[in-house]
Amino acid sequence: MGTYILRRLIQTILVITIVSYVCYYLMTLMPGDPVELMIQSNPRITSEDITRLRELYGLDQPAYQRYFNWVKSIATGDLGYSRTYRVPVEELMGPRLKNTFALSFLALLFSISVALPLGIYSGLKPGSRVDYFVNFFSFGGISIPSFWLGLMLIIIFAVQFPILPAGGTETIGVDHVSTWAFLKDRALYLILPIVSLSIQQIGVFVRYIRSSMMEAMRNDFIRTAKAKGLARSVVIWKHGFRNALIPLITIFALSFSGLFSGAILTETVFSYQGVGKLVYDSIMQNDYNVAMISFIISVSMVLMMNLVADILYGFADPRISYT
Amino acid sequence: MSIALKTLLPVSISLMLMAPAQAKVTNAELKIGISQEFETMNPLISTMVASTYLRYMVNRRLTNLNDKNQWVAQIAKEIPTLENGQAKIMTENGKKKIVTNWEIRENVKWGDGTPVTCADIIFTRKVAMSNNTSVGERETYEQIEKIDVDPKNPKRCTLTYNKAIWNYAHQLGTFYILPKHIEEAVFEKYKDQKEGYEKNSNYSKKPTMPGLYNGPYVVSELKLGDHITMVPNKHFYGDAPKIQKIIVKLIANTGTLEANLRSGTVDKISVLGLTFDQAIALEKKLKTEKADFKVEFEPSAVYEHIDLNLDNPILKDIAVRKALATAIDKDQLVKSLFEGKQPSAIHFMTKNDPWYTDDPKSITTYRYSKRQAIKMLEEAGWKAGPDGYRVKDGKKLSLTFMTTAGNKIREAVQVYLQNQWKQVGVEVVIKNEPGRIFFGETAKKRKFDMAMYAWVSTTEKNPRSTQHSEMIPTEKNGWSGQNQPGWRNARMDKLIEDMDLEFNSKKRGELAAEMLKLYTADLPVLPLYYRTDNAVIPNNLKNFKIPGHQFSETNAVEYWTLE
């Protein structure tokens, strides 16, 4: 197992390096660069200004050289400087990554907590009233556009019945007297975004869990277990659910890999200070340093969670081994 | 998605129509919503429009453009002129230069009580001129050849310009002064590193230091991408601000921004908030409900126009350009699409500009006439073909029409114009691109027939960047310059060059009049309309005015009061 993990980690680093160069190179192919954005906003910029700025930003160098300079600065712990916001990348992204993680993790946790019992119950009782009810809401959740749901939640819970804040990350200008007061304040701002983000996720998870559970419960060994006179809970959890887990591990692992990527629509609708919109804007404005760090985080998370999923397969199914 | 939108939006709109009760806003706190991102508060480095909006609340300059479109002294005692004897033209080594005497008002101080002096002006110029600082345009600083401080009065100095320009007061309207006593140590330490100063500037590291600001407010809290809080500057030289706390909150989604206004999360939406069509819709809704806020509109200095590529064989013909202009019913366009709130444009100057004229004796105007447009095309040899479109020498009168994709207003204008031009036999093929590609590649490299976008028309502005032939973007000049139509007119070039050096305001007016005459006669551009700024303000907000020029409403923030 140790050798397997080590081999996968080396592969991961190699993939990150290749993907990061490809991303960097593709970004340089996009029309416009930070200097061109300045030209558009200021008609008085002269050709001398353009030459000076390109040299200052290193844009006069070939892409591979700029990439190596970037790697060198990353290796020294300097994540670079955002040319859009004019602040160091770590100062810009650090707090937003934490906010995005809090939102995505809690939404995912909430989604799994709700979807798991509903999906299993539906899978065990297909065609029942509960199953129809769960299916109806699952499809509803999947179909509702998240931006519309977000806006509706704001109108209902912040405008018509003002019990929750309309948007933001925390109450502005308040010095919290205790950690509890701080957490309570942050929690209030998280409720609507979490609900908005979870509705869709719950729908998707319920559908996967239901079908996976139904398939597992149709296996011959389930019939055998029942024939042996095993308790219903043992049949469901030890034999049924464990076998249904394999596809679910993949789904959950991939969902966890997006924890730091940000939910751009939800974050934008709720003015939540996350990383989603920042990443979008950085790509659109050729803010290379910010965009590259977010690429690296996304790629690393996908690769790491895939590795975690591969390891978890072994625990869920003893037939899978990595020796 | 579109079906969902069609069915769900009416429900949301009807819910939106129900307005909840709101508490009255007072001078204790005003929360302003904006939908555009802002960056560092370093006035030398920042370029975003939203940053400029915020900057006027915390920074003041030597000169300013007031709401009557007049240049006035801001932190300076007066504007030096040849008439008041504080400016004089001298000749050095055969070159004419202008020398101007400036004096900063006695009580102008930074937020920590340190007086603002000429040493700050010298320091700012030094930082701006460093090759390691990413100041976009350096002309404002470069033109100042030297600054001599009066040894008896550190607030008095003489600025010598490297040529005799008349618009030095205009240029100093964007000369933002840095506090030497705070920023010099940072600059000296990092000046040899690329972007070293801006990375380590106190505006980035400690933006809540009061000494960084000299305006009516100082920053008390700043979270990029979220909000900025400002409180009155105790050492402000002017009238003490009435509002005790201003929070500017970024809400990027304009639908959410409106919901936040209704929930009381924000009290006011700035000119950088709602789109024009949203503001119109909100104004209509407010007529049927009792709300504590209202929508204000004011024509701005931004004018929408269509650049005609003069290298295109069809558009090279002045008769075709004139026919295109004559075929547009602009009055109907602004009435049907903008409810008359965005005024039509006849050239590049706004009505507030002292040089503006609509006198048909001075300029060529193009009154809508379908018949006249058809006649012009017929005379130019473009005959009607079997499909209704005109043909000449076997070639169809077909042009591509481009703008930024996804901009609803521009797309509606395109469809309107496409229909009008079709009626005179001109085929217009709409081909839009995302803003990034449109501005970054297509417009810049002049790969279009007709391109619609906007320019800011500032008061008494020499149109060098958009109309001088040297400003045609080419690979050789690094695609700089904004003369995208590729207009070459020797007389216009001469007028532009003469204007820079003309000190007689009457003569400058005459030069501007001739420019307008050439511009409207040659038609390198089809002017369409002036955009209108909008803001949603609490009913009890007094002394608020959208200025309608390049400087934003926050320039007079100290006078705002909620009664």
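In this predicted model, the C-alpha centres of domain 1 and domain 2 of chain B sit 29 Å apart. Domain 1 is pieced together from 2-60, 184-299 and 537-562, while domain 2 is the single stretch 63-183. Where the two meet, domain 1 of chain B puts in 34 residues and domain 2 of chain B puts in 33. On the domain 1 side, α6 (180-190) and α7 (196-200) of chain B each bring at least two residues to the contact with domain 2. Sorted by class, that side of domain 1 comes out at 14 nonpolar, twelve polar and eight charged residues.

Stepping back to the whole of chain B, the count is 18 helices and 21 strands. Its radius of gyration is 26 Å, close to the 24 Å given by the globule rule for 563 residues, so chain B is as compact as a globular protein of that length. Laid along the principal axes, the C-alpha atoms of chain B take up a box of roughly 80 × 70 × 45 Å. As for burial, 47% of the 563 residues of chain B make the cut. Contacts reach well along the sequence, too: of those in chain B between residues at least 6 apart, 68% link residues at least 24 apart.

One piece of chain B worth a look is a small sheet. Here three strands line up in the order β13-β14-β15 to give an open sheet with antiparallel pairing. Strands β13 (383-384) and β15 (395-396) of chain B form the edges, each with a pairing partner on one side only. Strand β14 (residues 390-392) of chain B is tied to the antiparallel β15(B) by two bridges. Within this part of the sheet, B:K392 faces B:K395 of β15(B).

Chain B also touches chain A, in a contact that draws 51 residues from chain A and 58 residues from chain B. On the chain A side, the elements that each supply at least two residues are α2 (34-41), α3 (47-57), β2 (87-88), α5 (89-124), α7 (146-160), α11 (264-269) and α12 (276-284). The top contributor to this side is α7(A), which gives eight residues. By class, the side of chain A that touches chain B has 28 nonpolar, 15 polar and eight charged residues.

Two of these chain A elements can be followed further. The first topic is α12(A), in which A:G276, A:K277, A:L278, A:V279 and A:S282 are buried. Packing for the buried residues of α12(A) comes from α5, α11 and α13 (288-316) of chain A. After α12(A) comes A:N286, which has a positive phi, near 55 degrees.

The other topic is helix α2 of chain A, where A:L37 is found. This leucine counts as buried because A:L37 has 21 C-beta neighbours inside 10 Å, and the cut-off for burial is 20 or more. Leaving aside residues up to four places away in sequence, A:L37 touches A:G32 and A:Q285. A further pair to note is A:L37 and A:T84: they are 47 residues apart along the chain, yet their C-alpha atoms are separated by 9.8 Å.

How values were computed
Residues numbered from 1 in each chain as written. Chains lettered and ligands numbered in written order. Predicted model: local features only at pLDDT ≥ 70, side-chain atom pairs only at ≥ 80, totals over all residues. Pairing = 2+ DSSP bridges. Helix = DSSP H or I, 4+ residues; strand = E, 2+ residues; numbered from the N terminus. Contact = placed C-beta atoms within 7 Å. Nonpolar A, V, L, I, M, F, W, Y, C, P; charged D, E, K, R; others polar. Buried ≥ 20, exposed ≤ 12 C-beta atoms within 10 Å, placed from the backbone. Domains from an automatic or database assignment. Rg over C-alpha atoms; globule rule 2.2 N^0.38 Å.
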